[in-house]
Amino acid sequence: MDEETFTTLSTSILCTGLILYMGFIIYNLAKESKAGKYGTLVLFFALGFGMVGFIAKTILTEVLQK
């Protein structure tokens, strides 16, 4: 396995793990603060917006390179 392939795979796997962990943190924050359904939705939208941008950037990069 060459360096470029390793870097691509490890970045994808580790960023996916980080995004899942951040989702857990947001869920735990909502649960501990007793935010309710609407508050939980707002927390996931506001705090998860950066993750959505990162995912969209990755998808757009792959689509435009082909």
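**Close-ups of a two-helix chain**

**View 1. The two spans that the record marks as membrane-crossing.** Take residues 6–29 to begin with: this span is 100% helix and 0% strand, and its end C-alpha atoms sit 34 Å apart. Residues 41–60 are also 100% helix and 0% strand, with 26 Å between the end C-alpha atoms. Both ranges come from UniProt, where an unreviewed entry lists residues 6–29 and 41–60 under "transmembrane region". Keep in mind that everything shown here is a predicted model.

**View 2. The whole chain, pulled back for context.** What does the secondary structure of the chain come to? The tally is two helices and zero strands. The chain's radius of gyration is 15 Å, well over the 11 Å that the globule rule gives for 66 residues, so the chain is more spread out than a compact globule. Measure the C-alpha trace along its principal axes and you get spans of about 50 × 25 × 10 Å. Buried residues account for 11% of the 66 residues. As for the outside, the accessible surface totals about 5,700 Å², and carbon and sulfur atoms own 72% of that.

**View 3. A nonpolar patch on the surface.** Seven names to look for here: Leu18, Tyr21, Met22, Phe24, Ile25, Tyr27 and Phe44 together make a nonpolar surface patch of about 680 Å². Which helix gives the most to the nonpolar patch? That would be helix α1 (residues 3–32), with six residues. One of the patch members is Tyr27, and this tyrosine is found in helix α1. Tyrosine 27 counts as partly exposed because its relative accessible area is 45%, and the partly exposed class runs between 20% and 50%.

**View 4. A tilted ring pair on helix α2.** The model has two aromatic pairs by the ring-centre rule. In the one shown here, the ring centres of phenylalanine 45 and phenylalanine 49 are 5.7 Å apart and the planes meet at 50°, so this pair goes down as tilted. For reference, planes under 30 degrees apart would be stacked and planes over 60 would be edge-to-face. Both phenylalanines belong to helix α2 (residues 36–65), and they are four residues apart, about one turn of the helix. Are phenylalanine 45 and phenylalanine 49 buried or exposed? Both are exposed.

**View 5. Lysine 34 in the loop.** Find lysine 34 in the loop between α1 and α2. Its phi is near 55°, a positive value in a residue other than glycine. That's one to pause on, as most residues other than glycine have a negative phi. Lysine 34 has a relative accessibility of 75%, so this residue counts as exposed.

**View 6. Either side of the loop, from leucine 29 to threonine 40.** Leucine 29 is part of helix α1. With a relative accessible area of 42%, leucine 29 is partly exposed. How many residues apart along the chain are leucine 29 and threonine 40? They are 11 residues apart, and their C-alpha atoms are separated by 8.7 Å.

**View 7. Alanine 46 on helix α2, with leucine 14 for scale.** Alanine 46 is found in helix α2. Its relative accessible area is 52%, and because the exposed class starts over 50%, alanine 46 falls in that class. Between the C-alpha atoms of alanine 46 and leucine 14 there are 22 Å, and the two residues are 32 residues apart along the chain.

**View 8. Lysine 66, past the end of α2.** Where does lysine 66 lie? Look in the segment after α2. This lysine is exposed, with a relative accessible area of 83%. Its C-alpha atom is separated by 31 Å from that of phenylalanine 45, a residue 21 positions away along the chain. Phenylalanine 45 is the ring from View 4, tilted against phenylalanine 49.

Notes:
Residues are numbered from 1 along each chain as its sequence is written. This is a predicted model: local features need pLDDT of at least 70, side-chain atom pairs count only at pLDDT 80 or more; totals for chains, interfaces and linings use all residues. Side-chain values use heavy atoms; hydrogens and water are left out. Patches are made of residues with over 30% relative accessible area and no salt bridge: like charges are joined within 9 Å, nonpolar side chains (Val, Leu, Ile, Met, Phe, Trp, Tyr) within 5 Å. Accessible areas come from the Shrake-Rupley method with a 1.4 Å probe; for residues, only the protein chains shown count as cover. A salt bridge is a side-chain nitrogen of Lys or Arg within 4 Å of a carboxyl oxygen of Asp or Glu. Buried means under 20% relative accessible area, exposed over 50%, partly exposed in between (1.4 Å probe, protein chains only). Rings of Phe, Tyr and Trp (its six-membered ring) pair if their centres lie within 6.5 Å; planes under 30 degrees apart count as stacked, over 60 as edge-to-face and the rest as tilted. UniProt positions are given in the numbering used here, feature names are shortened, and annotations may be inferred rather than shown by experiment. The radius of gyration is taken over C-alpha atoms; the globule rule is 2.2 Å times the number of residues to the power 0.38.
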